[in-house]
Amino acid sequence: MSEPPISRGFHGRKKPEGPTNRVPPGQHLVSDFPVLSAGPTPQTKLEVWSFTLEAGGKLLKEWSWAEFEALPQTKIKTDIHCVTTWSKLGTNWQGVTIDDLLAACGLSEPPAPYVLAECDGGYTTNLPVEDLIEGKAMIATRYEGQPLEPEHGGPARLLVPHLYFWKSAKWVRGIQFREGDEPGFWEALGYHIYGDPWREQRYAGD
Ligand SMILES: Nc1nc2c(c(=O)[nH]1)N[C@H]1C(S)=C(S)[C@@H](COP(=O)(O)O)O[C@H]1N2
Ligand SMILES: [Mo]
């Protein structure tokens, strides 16, 4: 028996499958889940909580918490990236996709090209509607199988994981469909209007 010409350890090793190709430029991994809030955590009771969709200033639909919980549920496993440079891989979320919200309004396509998400406490963020549909975003109510903690946006937050995490508005109460892309809270303070972590769109002009 002769030795194989190339040792198994060299020849047979798989390509490294580290997380490096999942971490956008300028980001580092964390194992904890940092809390970043521009103000105090709102304490909205589920009995008074509602979620609304509006288009052109008109109400499309309003759901109570019980009605919202009865909508089709979707699970997403995804990486998240905060503009303050932390990223977290393989986080598990559950909630209602924007597609399912539109379907529940009897809409086969979104009523306008942009949205402004509105939250308890006054926080807002703007997004192109394209970034919310076809399974790209949800109103998340569960994190790692548990009800979403208030500090992380519970009872419900927007989750748009392919953009910097400031777009994932916590304590979200409604989405306004709009003809124009108007800056939200951080966008008006100098953050990028779109916020793609793979293109490092941190600040206006990046
Ligand atoms: N309503 C609201 N949503 C918000 C924020 C906020 O201050 N208020 N901060 C944003 C920012 S900058 C980030 S990084 C994430 C932080 O979410 P986390 O606290 O669950 O990590 O929430 C985003 N959504
Ligand atoms: Mo952030």
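Biologist: How much space lies in the largest pocket?

Modeller: The model is a predicted one. Among the 27 residues that line the largest pocket, those closest to its centre are Leu36, Ser37, Ala38, Tyr123 and Trp186. The space in this largest pocket is about 480 Å³.

Biologist: Which pocket is the space taken by ligand 1?

Modeller: Of the 20 residues around ligand 1, the nearest are Pro34, Ala38, His152, Arg157 and Lys170. The shell around ligand 1 divides into 14 nonpolar, 3 polar and 3 charged residues. The space that ligand 1 takes is the largest pocket.

Biologist: Which residue has a side-chain N or O atom 2.6 Å from an oxygen atom of ligand 1?

Modeller: Two contacts of ligand 1 involve the protein backbone: a backbone N or O atom of Ala38 lies 2.6 Å from an oxygen atom of the ligand, and one of Ser168 lies 3.2 Å from a nitrogen atom of the ligand. The side-chain N or O atom that lies 2.6 Å from an oxygen atom of ligand 1 belongs to Lys170.

Biologist: What percentage of the area that ligand 1 exposes when taken alone does the protein bury?

Modeller: Taken alone, ligand 1 exposes 530 Å². Of that area, the protein buries 97%.

Biologist: Which helix and which strand each supply at least two residues of the lining of the second largest pocket?

Modeller: The second largest pocket holds about 200 Å³ of space. Of its 13 lining residues, Leu46, Pro147, Leu148, Gly154 and Pro155 are the closest to its centre. The elements that each supply at least two residues of this lining are helix 2 (65-69) and strand 8 (138-143).

Key: Residues numbered from 1 in each chain as written. Chains lettered and ligands numbered in written order. Predicted model: local features only at pLDDT ≥ 70, side-chain atom pairs only at ≥ 80, totals over all residues. Heavy atoms only, no water. 1 Å grid on protein atoms, 1.4 Å probe; cavity = no way out; pocket = protein on both sides within 12 Å on 5 of 7 lines; lining within 4 Å. Points joined across faces, edges and corners; volume = space filled by probe spheres on them. Helix = DSSP H or I, 4+ residues; strand = E, 2+ residues; numbered from the N terminus. Near = heavy atom within 4 Å. Polar contact = N/O pair within 3.5 Å; in protein donor to acceptor, adjacent residues only side chain to side chain. Areas by Shrake-Rupley, 256 points an atom, 1.4 Å probe, with all protein chains shown as cover. Sits in = over half its atoms within 2 Å of the grid points. Nonpolar A, V, L, I, M, F, W, Y, C, P; charged D, E, K, R; others polar.
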